[in-house]
Amino acid sequence: MSLNHELVTKAVNSLIAHTKKKEENEESTNLLANAVEPMHLIVTVKKISHKMRIKPYRIPLRNCLYDESSSVCLIIKNHDEEHVEKLKNLGFPVIKEIVSMRDLKTKYNGFETKRQLMNAHDLFLTDDRVINGLPKALGGKFYLTKKIPAPVNLRAKNLRNEIGKALKCTYYKAARGSCNAVRVGTTDMAPELLIENTMGTLDNLVKHIPKGWDNIQSVGIKTGTSLTLPIYNALPNASSVINNAAADDDEAMEDVEGEAEEGAEKKEKKEKKEKKEKASKKGKKSPLSRTKAKNIVKAHAKKRAEATA
């Protein structure tokens, strides 16, 4: 299964047009407004996975998100001058800062300094040996803003190739809820590049979602200031529709049968009540009948007394 290319094209062009219009409206009031916004692929799943994973999945991109104007921070295990110098000489001008775990505990220990570090860079790469200790060292703010450090193997023989691959990827970490966001580009990229990244990212992302396409409810794209534009919605399963309809029919039949049984039961109770009332009327004598009977008994007793006399 794949996305509708025409629908994705319309959605991407609409978001770019929205950003340009927003830029024009803000130019007159805010000279420092940043018109470039990240674009995210929004995937909503039907069933949430309860298996939480700290390490994000690496999703290859057809078109790189980062150029020389971007800023990447590399987090390393120990501040070894020789190792740091080796990393700087790899030839990645996009890596603007190298921070050790010790620096995070001392230099960036406060909330304000962590916030400044987070806002200063577009991407964080980290030595995969320290990734489990980062949530405590960085704080939850990093993870709420989707700036989750991406792991790299700094022990790799071809270190330049390892970091180069990491820079050509986007990253996916399953959310606690049903809605997941994955960055696929920025609004200053050409529409063709954004379309390729959107479709390619979803093809790779599906592999990391339990049950794949069967577990995807909807897909959309959005920027930080726009609504989500839908590009895919799952149709109801035919078998589930039939089963639900059959269940509704069975329930309706049960209601009809229940009403019929209830009506028959009421009718039977009514008939029994009427019979009981008739029987009680037959056995019950009126006061006039009792007086007449007494008079007859007295008359017979008088006749017997006269006969004996």
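1. Start at Thr44, whose bridge partner in β8 is Cys179. On the β9 side, Thr44 stands opposite Ser218. One residue along, Val45 has Ile216 in β9 as its bridge partner. Strands here are DSSP runs of E, at least two residues long, and helices are runs of H or I of at least four, both numbered from the N terminus. Cys179 itself counts as partly exposed, at 44% relative accessibility. For that scale, buried means under 20% relative accessible area, exposed means over 50%, and partly exposed is what falls in between, with a 1.4 Å probe and protein chains only.

2. A word on provenance before going on: this is a predicted model, where local features need pLDDT of at least 70, side-chain atom pairs count only at pLDDT 80 or more, and totals for chains, interfaces and linings use all residues. Residues are numbered from 1 along each chain as its sequence is written, and side-chain values use heavy atoms, with hydrogens and water left out.

3. Now the sheet around β1 (residues 38-45). β1 pairs antiparallel with β8 (residues 179-186) over seven bridges, and it also pairs antiparallel with β9 (residues 216-223) over seven bridges. Two strands count as paired if DSSP finds at least two bridges between them. The result is an open sheet of four strands in the order β8-β1-β9-β10, with antiparallel pairing. Its edge strands are β8 and β10 (229-233), each pairing on one side only. On average, neighbouring strands in this sheet are turned by 20° against each other, direction ignored. Helix α8 (residues 191-205) packs on the sheet and touches β1, β8, β9 and β10; its direction makes about 145° with that of β8. Angles run from 0 to 180 degrees between N-to-C directions, with axes as lines fitted to C-alpha atoms, for helices over the stretch in contact.

4. How well covered is β1? Seven of its eight residues are buried, so "mostly covered" is a fair label. Leu41 touches a long list of residues beyond four places away in sequence, including Val182, Val184, Leu202, Leu205, Val219 and Ile231. Contact means heavy atoms within 4.5 Å.

5. Leu41 turns up again in the largest nonpolar core, which has 53 residues; Leu41, Leu87, Leu125, Ile163 and Leu202 are those with the most contacts inside it. Apart from it lies another core, of 17 residues, among them Val99, Phe124, Val130 and Leu134. A nonpolar core is a set of buried Ala, Val, Leu, Ile, Met, Phe, Trp, Tyr and Cys residues joined through side-chain atoms within 4.5 Å.

6. The other sheet to look at is parallel. It is an open sheet of four strands with the order β4-β3-β5-β6. β4 (95-100) and β6 (150-152) are the edge strands, each pairing on one side only. The twist averages 30° from one strand to the next. Within it, β3 (residues 72-76) and β4 pair in the parallel sense over five bridges, and Ile75 has Val99 in β4 as its bridge partner. Helix α7 (residues 159-167) packs on this sheet, touching β3, β4, β5 and β6, and its direction makes about 145° with that of β5.

7. Which residues does His5 contact, leaving aside its neighbours within four places in sequence? Ile195 and Met199. His5 lies in helix α1 (residues 5-27) and counts as partly exposed, at 48% relative accessibility. His5 and Met199 are 194 residues apart in sequence, yet 8.1 Å apart in space, C-alpha to C-alpha.

8. Gly133 sits in the loop between β5 (123-127) and α5 (134-138). Gly133 is partly exposed, with a relative accessible area of 32%. Its C-alpha is separated by 8.9 Å from that of Met101, 32 residues apart along the chain.

9. On disulfides, the count is zero, taking one as a pair of cysteine sulfur atoms within 2.5 Å. For Cys64, the closest cysteine sulfur is in Cys169, at 8.9 Å, so it is too far for a bond. Cys64 is partly exposed, at 35% relative accessibility.

10. Finally, the whole chain. It has ten helices and ten strands, and 34% of its 309 residues count as buried. Among contacts between residues at least 6 apart in sequence, 76% join residues at least 24 apart. The chain exposes about 20400 Å², with carbon and sulfur atoms supplying 52% of it; the areas come from the Shrake-Rupley method with a 1.4 Å probe, and for residues only the protein chains shown count as cover.
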